[in-house]
Amino acid sequence: MPDTPASAPSIVRVAIDRPLNRLFDYRSPPDRDVRPGMRVRVPFGPTRLTGVVMEAGVTSEMDPGRLRAVSEVLDATPILPDSLRELLGFGGRYYHHPIGEVVLGALPPALRRGRPLPEAATPEPLWAVTEQGHRALADGAVRGERQRAIVAALADPDSAPGGRLDRPTLAGILGRRPAPRELERLAERGWLECRPPEHPTDVPPEADSAAARPLTPEQQAAVDALTPGEARPLLLEGVTGSGKTEVYLRMAERVVARGEQVLVLIPEIALTPQLAARIQARFPGRVALLHSGLAEGERLRAWASAARGEARVVVGTRSALFTPLPEPGLIVVDEEHDAAFKQQDGFRYNARDLAIKRGQLEAIPVVLGSATPTLETLQAARQGRYTHCPLRTRPDGTAPPRIEAVDTRVHTPDEGLTSPLLDAMQATLAGGQQCFVLLNRRGYARTLACDHCGWVADCRHCDARLTVHAGNPRAVCHLCGHHEPVPDRCPECGAELARRGLGTQRLEQALARHFPQTPLIRLDRDSIRHKGALEEALERIRSLDAAIVVGTQMLAKGHDFPRVGLVGVIDVDQGLYSVDLRAAEHTLQLIVQAAGRAGRGEAGGRVLLQTGHPEHPLIRGLDAADYTAMVRPLLDERAESGFPPFGHLALVRVEAEDANTAETRAGEVATPLRRAAASGVRVLGPAPAPRHRVNRRYREQILVQSGDRRALHATLHQARRAWEGLTLPREVRIALDVDPVSLA
DNA sequence: AGCACGCCGACT
DNA sequence: GTCGGCGTGCTC
């Protein structure tokens, strides 16, 4: 960098939290060394804003007289290192999102607002259940939902291996933050004890039985595939129970042992608290946990402890990807196929893809773990761009479950249930095992309709049918949340209304009639609405022998259940024949993930799929032991259509308050896209979005597709500049989604 | 995104 | 006469 003469004012280029796709130049104070990565306070129009210096010592294109001066320098040293700023710059360009929002969005809210970075913090103390507490829990003496949830979470070796958790981790498991006073009160009653964070040597090895068990040859091979200096991404493909977590932990141990930090990304902390808890148990006092359930101060402290290098392992959801690590050594993306890694509004980044990029920039390996990797990841592994480490055998030696189809044309379902499924359930329950029944629609009935005049209950804000919910009876829109009372009679003709289609609530009722003696638990977004309910339900499932659990895809997510003998999938056809880009892929993933719940016991499990199309190639190819073989027809289909991973997509959505405006403006938005489109870039649309009206707004969409990523991005870039010259009404919004997960 | 400036309708 | 409606344009 050339020295600037002492007389010329030094100029810094600053990112600010405004949707403007450029940086702003300021004169930096003559007496202070303002370096890239530091936060500054700058005048912006009539106000002052917090910004991040992206470049320093630059010359400005601006007329020097128009430059204003930095008002205040907020950091003594940079809080965003070079590599992260580079990652954020890349992210802004790749996803075509304003750089300032990207950069400021990477900071915890407290830092975004200009608060100082806290000094080194004392580590969070760890909480554990006392002997007395265990007895009280067993005797039912722990009264109060909240108190019981806390003690139960700490007492459960699945949620708290090692029996000790700090408050932020507990918050992730409970889905709410227990107040310090709540914990203290439990300690005063003698049920909990509080210990200072200990050294790793204090952890009893029996805290996690997997830590003592030798690795299988496949696990060992995966751990050994991670060689220092080799920064290639690694796909760890393993079914549930194949011991992926133990592989992550052993890799992390090696990385931490050589003085480097580990970042672990997980899809959603509330649904999979076990991984976070196991990591916490293996690296006590050295883990920072970052998730949306944290209070602002806690989030700031966790972020700062990672940034200062105190936390050696950082575990977090999507946005934790942007945590600074002074000594990075490894990034793990667990359940890499999960759509939760894609941000669905604003800066629409995919944390999995940006994790790969971060790995490149930091020259460290990235491990992608899944039983059902995305087609993008499988293809990269097939081409040798990623190292592929399969874990085919389960450490407990059990066989993968058998997957069988039940032909619903032969066996007509009653309330969603066919006789072969009911018979299989009967047998499973008789054997003392559990049955999981999966239906991807919550509520009671899918629609409310009049058989007499054809009226159906529609949402007044969206293009969607209202779903009938039982219990507190309401008709609910699953798109916008609008709800209204369920009418007794048809508002048009007064005839009796029919409740059509099946939801989890109705299925639950039907199952209760078939199996009146069997404990029945429902698990969906409605049943776990109140905080800690998921943990309670999981706890109950684990405590039972024969039982039926009915629920949505939530059932198939990472929880560990030892006694599931049978998984029934009520309706797979919906996913197989949906027009959406990834519907079939997601259905296969769901089936395999669900199958992973079955047969952890010695008996081996069964999966029954109810379908009207048992001859469908994807159904015929189902084999829980070989996902790669299962998805081959999908890959062939994508290759033919030029869809990912064989081509690249971007979706442009134009939204307005009325349908006409949306349509005409979408046309104006499409024109520069067409004009900019290089050869090999296709522009499809505009067309009404599959969900045309949502929340009283109308949406049109344009799909841009190309086999050449660079050509696609050049097109988007050029079109975007043309859009800036467009005079659109304020209410019209253009949203650009690069690498969309769904076209709906 | 904010926020100010600016140019036309019903109020003290 | 003026308070305020939100259309348009700028922010180093």
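How far is a phosphate oxygen of DNA strand C from an N or O atom in the side chain of R68? The two are 2.6 Å apart. That is a polar contact, meaning a pair of N or O atoms within 3.5 Å; within protein, one must be able to donate a hydrogen and the other to accept it, and residues adjacent in sequence count only if both atoms are side-chain atoms.

Some ground rules. This is a predicted model, where local features need pLDDT of at least 70 and side-chain atom pairs count only at pLDDT 80 or more, while totals for chains, interfaces and linings use all residues. Residues are numbered from 1 along each chain as its sequence is written, chains are lettered from A and ligands numbered from 1 in the order in which they are written, and side-chain values use heavy atoms, with hydrogens and water left out.

Let's stay with DNA strand C. Y26 puts a polar side-chain atom 3.4 Å from a phosphate oxygen of that strand. G45 uses its backbone: an N or O atom there lies 3.1 Å from a sugar or linking oxygen of DNA strand C. Two elements give two or more residues to the surface near this strand: β2 (24–27) and β3 (39–44). β2 gives the largest share, three residues. Helices (H or I, at least four residues) and strands (E, at least two) are DSSP runs, numbered from the N terminus.

In total, 13 residues surround DNA strand C. R22, D25, R66, R68 and R730 come nearest. A residue is near a strand or molecule if one of its heavy atoms lies within 4 Å of it. By class, this surface has seven nonpolar, one polar and five charged residues. Nonpolar here covers Ala, Val, Leu, Ile, Met, Phe, Trp, Tyr, Cys and Pro; charged covers Asp, Glu, Lys and Arg; the others, Gly among them, are polar. Now look at the DNA side. Of the strand C atoms within 4 Å of the protein, 37% belong to sugar or phosphate, and the rest belong to bases.

Next, DNA strand B. Which residues surround it? They are R18, P19, L20, P46, T47 and R730. Three are nonpolar, one is polar and two are charged. R18 makes a phosphate contact: an N or O atom of its side chain is 3.2 Å from a phosphate oxygen of DNA strand B. For this strand, 47% of the atoms within 4 Å of the protein are sugar or phosphate, with bases making up the rest.

Now the cysteines. An unreviewed UniProt entry annotates C459, C462, C477 and C480 as "binding site". They are spread over 22 residues of sequence, yet they cluster in space, with a largest C-alpha distance of 8.7 Å. UniProt positions follow the numbering used here, feature names are shortened, and annotations may be inferred rather than shown by experiment.

Take C462. It sits in the loop between β19 (447–450) and β20 (467–469). Is C462 buried or exposed? C462 is buried, because its relative accessible area is 2%. Buried means under 20%, exposed over 50%, and partly exposed in between, using a 1.4 Å probe and protein chains only. C462 touches C477, L479, C480, R693, V694 and N695, leaving out residues up to four places away in sequence. Contact means heavy atoms within 4.5 Å.

C477 lies in the loop between β21 and β22. C477 is also buried, at 2%. With the same sequence neighbours left out, its contacts include C459, C462 and H482.

G481 is in the loop between β21 (474–476) and β22 (483–484). This glycine is partly exposed, at 41%. G481 and H461 are 20 residues apart in sequence and 9.7 Å apart in space, C-alpha to C-alpha.

What about disulfides? A search of the whole structure finds zero. The test is a pair of cysteine sulfur atoms within 2.5 Å. C450 is in no disulfide; its nearest cysteine sulfur, on C493, is 3.6 Å away. C450 is buried, at 4%.

Last stop, K342. This lysine is in the loop between β14 (328–334) and α13 (351–362). K342 counts as buried because its relative accessible area is 2%. A polar atom of its side chain lies 2.8 Å from the backbone oxygen of V738. Among the residues K342 touches are R318, Y349, D737 and D739.

One record note to finish. UniProt, in an unreviewed entry, places "domain: Helicase ATP-binding" at residues 225–391. That stretch is 34% helix and 21% strand, with its end C-alpha atoms 13 Å apart.
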